[in-house]
Amino acid sequence: MSSPNSAHTPTNRPPRPIYQQVPVSQAISLPTPGPVPFSVEFMPPRDDAAERRLNDAAATFHDLGASFVSVTYGAGGSSRSRTIRIGQELAHTPLTTLVHLTLVQHTVDELKEIIASYQECGLTNILALRGDPPGDPTGEWVSTPGGLEHAIDLIKLIQECDTQRQFEIGIASFPDKHYRATDLDSDTAYTIAKLRAGASYSITQMFFDVEYYLRLRDRLAAADPVHGAKPVIPGLMPITSLKSLRRQRELAGCRVPADLEERLEKATVTGDPSDPRVRQEIRKIGIAHTTAMAERLISEGAPDLHFMTLNFARATQEVLHNLGMAPAWGTDHGHDAVR
């Protein structure tokens, strides 16, 4: 005989409402035990093993006190549903959760449905992005028939749908300018236009030279003392392999300082890049470089450090440990100890 509660087993229980999330701009202003808040980016997992890894990382960052977590978004129905589901699960951790949304392969009606789904789930922090062409991120952008053309159009659509004024909107910004922008002035103008349209903050594309971030912040403040003064959250990716660095550079178009590239190349001269000793040396150089960047960013008043984790916790926790913001990583301490 079935239990009276059998209709509400974990496998078919309806999602619990999250209601309204703490806005990201508020989350990064709350008291923090470290010198600055930190946050992390996750990607929707592609299989069960990847989802377990993400859940482990999320638990670690929850215990370390992340100010918020973000979930990236890809075109297509399965990725869309994963973003919503993973966003809900992270929000129930509980972690303040920022969900990405792009224009790629979506009509306006589909975007309205997604925005309504986010609102229904209580996922009220959105990072509004145009997105990259599917299949070839550096290819020519072609808008979807019946869709939108620019991220600023998405900001306006979210506001149009947000009759209860629950959403807070963030945008992307580009320390070394967007690779499609003709020059820094036009890139700055586009960013300011999105901030004026209603975005409350920006998260930068990953970069590897702090000077680019500082120049971006100065450009925005000079262009508009009010909207240009909104938080600019630096995006950092701890370097753990040459392959991932080159791949991200290819996708994002960000420049790598010559001295860093030289040190990484020297680490591979005496051995095979797949050699564990070579890989360890590359990792050591990358973690040290990211730590030095973070120290400079903290001294320059960055409002938060946003780490692109690729759904792994270790590299980010090592950087946080170097900053005095987390235990060391290991079997006797670190992620096990904070659980």
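1. Ser-173 touches a set of residues that are further than four places from it in sequence: Thr-191, Ser-202, Ile-203, Thr-204, Gln-205, Leu-216 and Val-232. Ser-173 itself is found in strand β5. Its relative accessibility is 0%, so it counts as buried. Thr-188 stands 15 residues away from Ser-173 along the chain, and the C-alpha atoms of the two are separated by 8.8 Å. The model is a predicted one, and the points below should be read with that in mind.

2. What does the chain contain overall? The protein chain has eleven helices and eight strands. Of its 339 residues, 50% count as buried. Among contacts between residues at least 6 apart in sequence, 77% join residues at least 24 apart. A student following the fold should therefore expect to jump along the sequence, given that 77% figure for residues at least 24 apart.3. The strands form a closed barrel. There are eight of them in the order β1-β2-β3-β4-β5-β6-β7-β8, and the pairing is parallel. From one strand to the next, the twist averages 30°. Helix α5, residues 151–161, packs on this sheet and touches β3 (97–101), β4 (125–128) and β5 (168–173). The direction of α5 makes about 155° with that of β4. As background, strands of a sheet pair through backbone hydrogen bonds, either parallel or antiparallel.

4. Strand β1 covers residues 38–42, and five of its five residues are buried. Which residues lie on each face of β1? Phe-38, Val-40 and Phe-42 are on one side, with Ser-39 and Glu-41 on the other, and both faces are covered. On one edge, three bridges join β1 to the parallel strand β2, residues 69–71. The bridge partner of Phe-42 in β2 is Val-71.

5. The barrel is closed through β8. Four bridges join β1 to β8, and these two strands run parallel. Within this pair, Ser-39 stands opposite His-306 in β8. Strand β7 (residues 232–236) is also joined to β8 (residues 305–308), by two bridges and again in parallel. Here Gly-235 stands opposite His-306. His-306 thus appears in both pairings, facing Ser-39 and Gly-235.

6. The largest nonpolar core has 65 residues. Those with the most contacts inside it are Phe-38, Phe-42, Phe-61, Leu-90, Leu-101, Tyr-118 and Leu-305. A second, separate core has 16 residues, including Met-206, Leu-242, Cys-254 and Ala-267. In soluble globular proteins, nonpolar side chains tend to be buried together.

7. Phe-42 is worth a look of its own. Beyond its neighbours within four places in sequence, Phe-42 is in contact with Leu-54, Ala-57, Ala-58, Phe-61, Val-69, Ser-70, Val-71, Thr-72, Leu-90, Thr-309 and Asn-311. Two of these partners, Phe-61 and Leu-90, are also listed among the core residues with the most contacts.

8. Helix α4 runs over residues 108–121. How does its length compare with what is expected at 1.5 Å a residue? Its 14 residues should span 20 Å, and the C-alpha atoms at its ends are 20 Å apart, so the two values agree. The buried residues of α4 are Leu-111, Ile-114, Ile-115, Tyr-118, Gln-119 and Cys-121. After the helix comes Gly-122, which has a positive phi, near 80°.

9. Helices α5 and α6 form a packed pair. The axis of α5 and that of α6 (residues 184–197) come within 9 Å and cross at roughly 5°. The two helices are therefore roughly parallel to each other, since angles under 35 degrees are counted that way. In this contact, Ala-151, Ile-152, Ile-155 and Gln-159 of α5 meet Ala-193, Lys-194 and Ala-197 of α6.

10. Is His-289 buried or exposed? With a relative accessible area of 12%, His-289 is buried, because the cut-off for that class is under 20%. His-289 lies in helix α10, residues 276–299. Apart from neighbours within four places in sequence, its contacts are Phe-208, Leu-260 and Arg-263.

11. Thr-60 lies in helix α2, residues 48–64. At 4% relative accessibility, Thr-60 counts as buried. Arg-314 is 254 residues from Thr-60 along the chain, yet the C-alpha atoms of these two residues are separated by 9.4 Å.

Methods
Residues are numbered from 1 along each chain as its sequence is written. This is a predicted model: local features need pLDDT of at least 70, side-chain atom pairs count only at pLDDT 80 or more; totals for chains, interfaces and linings use all residues. Side-chain values use heavy atoms; hydrogens and water are left out. A nonpolar core is a set of buried Ala, Val, Leu, Ile, Met, Phe, Trp, Tyr and Cys residues joined through side-chain atoms within 4.5 Å. Buried means under 20% relative accessible area, exposed over 50%, partly exposed in between (1.4 Å probe, protein chains only). Contact means heavy atoms within 4.5 Å. Two strands pair if DSSP finds at least two bridges between them. Axes are lines fitted to C-alpha atoms, for helices over the stretch in contact, and angles run from 0 to 180 degrees between N-to-C directions. The expected span of a helix is 1.5 Å times one less than its number of residues. Angles under 35 degrees count as roughly parallel, over 145 as roughly antiparallel, 65 to 115 as roughly perpendicular and the rest as oblique.
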